[in-house]
Amino acid sequence: MRPAAFITGITGMVVVVGLLMAGEARLGGGTAGEETASAEETATAPADAAPNAGEDAAVSDDRAEVIAHSAEPTAPPSPGPGDGVTSKPADLPQQAETAAGQTASPSAKKATELARPVVDNAGMLSFGERRLQLAGIVPTPVDRICGPAARQWPCGMMAKTALRLLLRNRSVTCDLDTVEWKDTVTTACRLGTEDLGAWLAENGWAEAAVGSPLTAAAEKARQAGKGLYGEDPRRH
């Protein structure tokens with residue numbers, strides 16, 4: 001072989017090897033660059049970016065927890081000294097004063113149901129050892145007698161009977177501070193919506209107390225000759 005041809009062949013092989021090595025280096029550098037860029041994009045991607053398909057089941061619980069925490073109200077930071085925010089020490093005394101006022105005020109009367117009242121007279125009910133006087137009227141004594149001398153009749157007993165027939169052992173509702181009162185208490189009572197004191201005054205079975213709002217009703221009954229102001233109902 002001629003020396004010139006041999007040298008030319010060797011030179012060609014060196015050039016080919018150089019080109020192959022340069023191409024491999026370029027390909028390797030491109031892959032590394034792509035991998036570096038992919039890592040950077042992953043690290044800087046927004047946290048709320050939509051997950052790819054197949055990742056929903058893995059991140060749904062985490063996202064739900066994040067949403068729940070984001071919906072919770074955050075407490076404002078405590079003011080530090082010098083922030084210009086002053087406390088209100090007067091708030092606590094004001095609340096204490098309100099609570100004390102509520103405690104000191106008398107308890108409001110409550111509508112209380114009382115079962116099977118016993119009629120003592122037209123205006124007085126009893127529940128065991130406790131007695132209850134109907135408000136707004138003067139109870140009519142059982143031994144009261146009405147009518148002229150020749151036509152007297154036991155109007156007190158008749159008044160008691162009238163109230164007893166109205167109640168017929170049914171429960172009444174009375175305005176009371178407590179169901180455990182002692183001795184005698186005066187208050188309003190109702191049978192359904194019928195005020196018992198007003199019923200006695202309107203039908204003439206009891207006189208109205210001084211200054212009572214039932215005065216007009218009792219006077220109307222007297223003028224009409226009802227109850228105590230009329231004749232013996234047994235004669236009719």
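Reader: Which residues touch the most other members in the largest nonpolar core?

Author: In this predicted model, Leu132, Leu196, Leu200 and Trp205 do, out of the 33 residues in that core.

Reader: And which elements give two or more residues to this core?

Author: Four strands and two helices are on the list: E3 (124–127), E4 (130–134), E6 (172–176) and E8 (189–191), plus helices H4 (155–167) and H5 (196–202). H4 supplies the largest share, 7 residues.

Reader: Back to Leu196. What does Leu196 touch, leaving out residues up to four places away in sequence?

Author: Its contacts are Leu125, Leu134, Leu166, Leu167, Val172, Cys189, Arg190 and Leu191.

Reader: Cys189 is in there. How many disulfides does a search of the whole structure find?

Author: The search finds 2. Cys174 pairs with Cys189, the sulfur atoms being 2.0 Å apart. This pair joins distant parts of the chain, as Cys174 sits in strand E6 and Cys189 in strand E8, 15 residues apart.

Reader: Are Cys174 and Cys189 buried or exposed?

Author: Buried means under 20% relative accessible area. Cys174 is at 0%, so it is buried, and Cys189 is at 1%, so it counts as buried too.

Reader: Which cysteines form the other disulfide?

Author: Cys146 and Cys155, with sulfur atoms 1.9 Å apart. Cys146 has 5% relative accessibility and therefore counts as buried; Cys155, at 0%, is buried.

Reader: What handedness do the links of Cys146 and Cys155 and of Cys174 and Cys189 have?

Author: The Cys146 and Cys155 link is right-handed, with 65° about the S-S bond. The Cys174 and Cys189 link is right-handed, with 110°.

Reader: What pattern do the disulfides follow along the chain?

Author: Counting bonded cysteines along the chain, the pattern is 1-2, 3-4.

Technical notes:
Residues numbered from 1 in each chain as written. Predicted model: local features only at pLDDT ≥ 70, side-chain atom pairs only at ≥ 80, totals over all residues. Heavy atoms only, no water. Core = buried A, V, L, I, M, F, W, Y, C linked by side-chain atoms within 4.5 Å. Buried < 20%, exposed > 50% of the residue type's maximum accessible area, 1.4 Å probe, protein only. Contact = heavy atoms within 4.5 Å. Disulfide = S-S within 2.5 Å.
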